[in-house]
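Thank you all for coming. Today I would like to walk you through the aromatic rings of one protein chain, so please have a look at it before I go on.

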Amino acid sequence: MKHDWTQGLNPEQKEAVLHIEKPLLILAGAGSGKTTVLVSRTGHILQSQKIKAKEICVLTFTTKAARELKHRVGHKVGAPAKDLWTGTFHSFGLKTLRKFHKQAALPQSFGVIDQGDSQGILKELMINVKNTSKDAFKVEKILSMMNDWRAVGQRKAKSDDDYEAMVEVLLPKYIKQLDLLGVVDFEGLLLRPLELFQNHPEILEQMQSTFKHLMVDEFQDTNRTQFRLVQSLVEQHQNIAVVGDDDQSIYGWRGACVSNILDFPKNF
């Protein structure tokens, strides 16, 4: 029995649900039914196209949001919804690296370290580095700068700042230490899949054909690296729908890049 996924929706919500192919940007504030639209759109795609649940990927910022969406789709769709891929950007990166660990030059049972572990590694490395006149450094700031550098591929300092000089020395040592330990840090869960796609185009093609539809919730909170991941995955089919609140993007939460949502119509 077919379900009417537009039932009870307002005209704008209905339009978003029925727009299946090619790019879609949904701008909506808090409490405006964004999750309802994602759920209804997912159900409509499953019902109206020859698309399997496992060919739909929904990226969220919290595991709770991913779980809720999958539960709500399953409540109406039933068993097929269990194959729907929903999760955070980091869990997506982890799943990708687990599947292609050999090509990513990682051990099969590689570990994932948190921010505290990363800071611990940096503290150990900093003991033997005396290349600046500055005596004490905030390890949190070092790690934050390091992640900013990694996101844009920066390896050299652009000023005489003591922190920049320290990051330039520490970054290659830190990456080498992660490799020696056979672990990936949080930033690596996003960057290593991108490197994998760049070095192995056949893997990128496989991922693009695996996920024929991509949806992203809270798109205003994405950073540069997350945007590049999204762009890579939809490069061929352009079946991307993003939901966001551009009013929220002014806060720059979690290093969010405001241009990702503001320039969506230009980029897609």
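Let me begin with a question: the charged end of which residue sits over the ring of Tyr-163? In this model, which is a predicted one, it is Lys-141 whose charged end sits there, 4.1 Å from the centre of the ring. A second case of this kind involves Arg-98, which lies over the face of Phe-110 at 4.1 Å from the ring centre.

Let me turn now to rings that pair with other rings, of which the structure holds eight pairs. One of them joins Phe-61 and Phe-89, and because the ring centres are 5.7 Å apart while the planes meet at 55°, this pair is described as tilted. Phe-61 lies in the loop between β2 (56-60) and α3 (63-77), whereas Phe-89 belongs to helix α4 (residues 89-99), so the pair ties together parts that are 28 residues apart in sequence. Both rings belong to buried residues, with a relative accessible area of 13% for Phe-61 and 2% for Phe-89.

Another pair, formed by Phe-227 and Phe-268, is edge-to-face, with 6.0 Å from centre to centre and 65° between the planes. This pair also links distant parts of the chain, since Phe-227 sits in helix α10 (residues 224-234) and Phe-268 in the segment after α12 (264-267), 41 residues apart. Phe-227 is buried at 9% relative accessibility, and Phe-268 is buried too, at 17%.

Finally, these two residues do not stand alone, for ring pairs link Phe-219, Phe-227, Phe-264 and Phe-268 into a cluster.

Methods: Residues numbered from 1 in each chain as written. Predicted model: local features only at pLDDT ≥ 70, side-chain atom pairs only at ≥ 80, totals over all residues. Heavy atoms only, no water. Phe/Tyr/Trp six-rings, centres within 6.5 Å; stacked < 30°, edge-to-face > 60°. Helix = DSSP H or I, 4+ residues; strand = E, 2+ residues; numbered from the N terminus. Buried < 20%, exposed > 50% of the residue type's maximum accessible area, 1.4 Å probe, protein only. Lys NZ or Arg CZ within 6 Å of the ring centre and 35° of its normal.
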